[in-house]
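Visitor: Could you zoom in on one hairpin for me and then work outwards from there? I'd like to know what it pairs with, and what sits around it.

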Amino acid sequence: MDTDSTASAEVEPNAAVQDSPQDDAQSGVIIETRNLSKIYRDFWGRKKVNALKSLDIEVRQGEIFGLLGPNGSGKSTTIKLILGLLFPSSGRVLVFDKDASETSKNEKIGYLPEESYLYKFLTAEETLDFYGRLFDMSGAERKRRVDELIQLVGLSGAKHRQLREYSKGMTRRVGLAQALINDPDLILLDEPTTGLDPIGTREMKDLILALKERGKTVLLCSHQLADVQDVCDRVAILHQGELKELGRVSDLLKVQDVTEVHAEGLSEAAKSEIAQVIERHGGTLRSIDNPTTTMEDLFLNIVRESEARPGARRVSANAESEASTEPEQQEEAGQ
Ligand SMILES: Nc1ncnc2c1ncn2[C@@H]1O[C@H](COP(=O)(O)OP(=O)(O)O)[C@@H](O)[C@H]1O
Ligand SMILES: [Mg+2]
């Protein structure tokens, strides 16, 4: 579908592009799917894939909602149904209280497709200016908006380079800026971190959180568990087109009946005393240990440290025995 990337731009050219986040978000529900199903049929109308089965979700004003599921679970299909790029086989989608097939709602929606189809020979500035024209923005307004977006997505240093020279991460950021050109109230992001390295991923996640801070509503889909865990308020887990779980991320991930205590500087004596207290109160001590960090935090810390102190190597103390073939690597051991 090569018109995906311009979906949000396919409105009447004279459509007003203004902020009005609250007025039609009655009861705070921005997207509602009711019994939404999609069956893809082949050329002869025969049933081919049952891609989405009776989906019921509500996305509320100002939240980051995640659709999480493995490849082929119906995430992109759901987003396309919300945009009105596909028609449901049964059920309905309401967006801003309008049927998804009403294209006038798209003037308030920004869309980052799974693959952005951008013109390789334009610069970032020219690309965004082009999309601004589709929204019939005046020259002065376009200039202001394009500058603002280029800064927001961190491309100021590369805005005069053609997109064919851009890395995947930079291209993804132009795609996001393009999705935001009309200052939408609702932003749909299809796998926003695809192809990004951990730094690009972290930056994309921070951008998504910044959108929420500006009062935007975001629906994103991803198969990356960490993306959803780090940015989403609520998540719907899809599998083979069916909704399997829906709830607040913090609630879904909470391990009931286990209490976690974090402390610094405890002596061995203090630890054994704590163990005794737990047992005296009828609890069972599972572990007293150093917490582990995530691979993402570890990696980002290493990169930050390396930028601050180029050339220095850091090898974890435990790696010494396994990495002993190159003892000179361990000059920074234990840092
Ligand atoms: N245009 C299409 N024609 C036929 N089947 C499709 C089409 N688009 C997607 N599908 C099928 O529908 C299912 C859901 O696809 P999709 O929504 O793209 O999943 P996801 O985005 O979660 O990876 C998959 O089995 C996929 O192969
Ligand atoms: Mg997809």
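Guide: Let's start with strand β1 (residues 29-41), which pairs with β2 in the antiparallel sense over nine bridges. Strands here are DSSP runs of E, at least two residues long, and helices are runs of H or I, at least four, numbered from the N terminus; two strands pair if DSSP finds at least two bridges between them. This is a predicted model, where local features need pLDDT of at least 70 and side-chain atom pairs count only at 80 or more, while totals for chains, interfaces and linings use all residues. Residues count from 1 along each chain as its sequence is written, with chains lettered from A and ligands numbered from 1 in the order written.

Within the hairpin, T33 faces I57 of β2. Five residues lie between the two strands, and G45 has a positive phi there, near 80 degrees. β1 also pairs with strand β4 (residues 90-95), again antiparallel, through five bridges, and V95 in β4 is the bridge partner of I31. Put together, that gives an open, antiparallel sheet of four strands, ordered β2-β1-β4-β5. β2 and β5 (98-99) are its edge strands, each pairing on one side only.

The hairpin's second strand also brings us to ligand 1: β2 (47-60) and α1 (75-83) each give at least two residues to the shell around the ligand. A residue is in that shell if its C-beta atom, placed from the backbone, lies within 6 Å. Y40, K48, V49 and A51 are among the shell residues, together with G69 and the run from N71 to T77. By class, the shell has three nonpolar, seven polar and two charged residues; Ala, Val, Leu, Ile, Met, Phe, Trp, Tyr, Cys and Pro count as nonpolar, Asp, Glu, Lys and Arg as charged, and the rest, Gly included, as polar.

Further out there's another open sheet, with six strands in mixed pairing and the order β6-β7-β8-β3-β9-β10. β6 (109-112) and β10 (242-248) have a single partner strand each, so one side of each has no neighbour in the sheet. Ignoring direction, neighbouring strands in this sheet are turned by 15 degrees against each other on average. Inside it, strand β3 (residues 64-68) pairs with strand β9 (residues 234-239) in the parallel sense, over four bridges, and G66 has V235 of β9 as its bridge partner.

Two helices lie across this sheet. α4 crosses β6 and β7 (186-190), at about 165 degrees to β6. Helix α5 (residues 198-213) covers β3, β7 and β8 (217-222), at about 155 degrees to β8. Angles run from 0 to 180 degrees between N-to-C directions, using lines fitted to C-alpha atoms, for helices over the stretch in contact.

α4 (residues 168-179) also packs against helix α2 (residues 124-134), with an angle of about 25 degrees and the axes 10 Å apart. In that contact (C-beta atoms, placed from the backbone, within 7 Å), A124, T127, L128 and Y131 of α2 meet V174, A177 and Q178 of α4. Sorted by class, five of these residues are nonpolar, two are polar and none is charged. α2 packs with helix α3 (residues 139-152) too, at about 130 degrees and with the axes 10 Å apart. Here A124, E125, L128, D129 and G132 of α2 touch R142, R145, V146, L149 and I150 of α3. The split for this second contact is five nonpolar, one polar and four charged.
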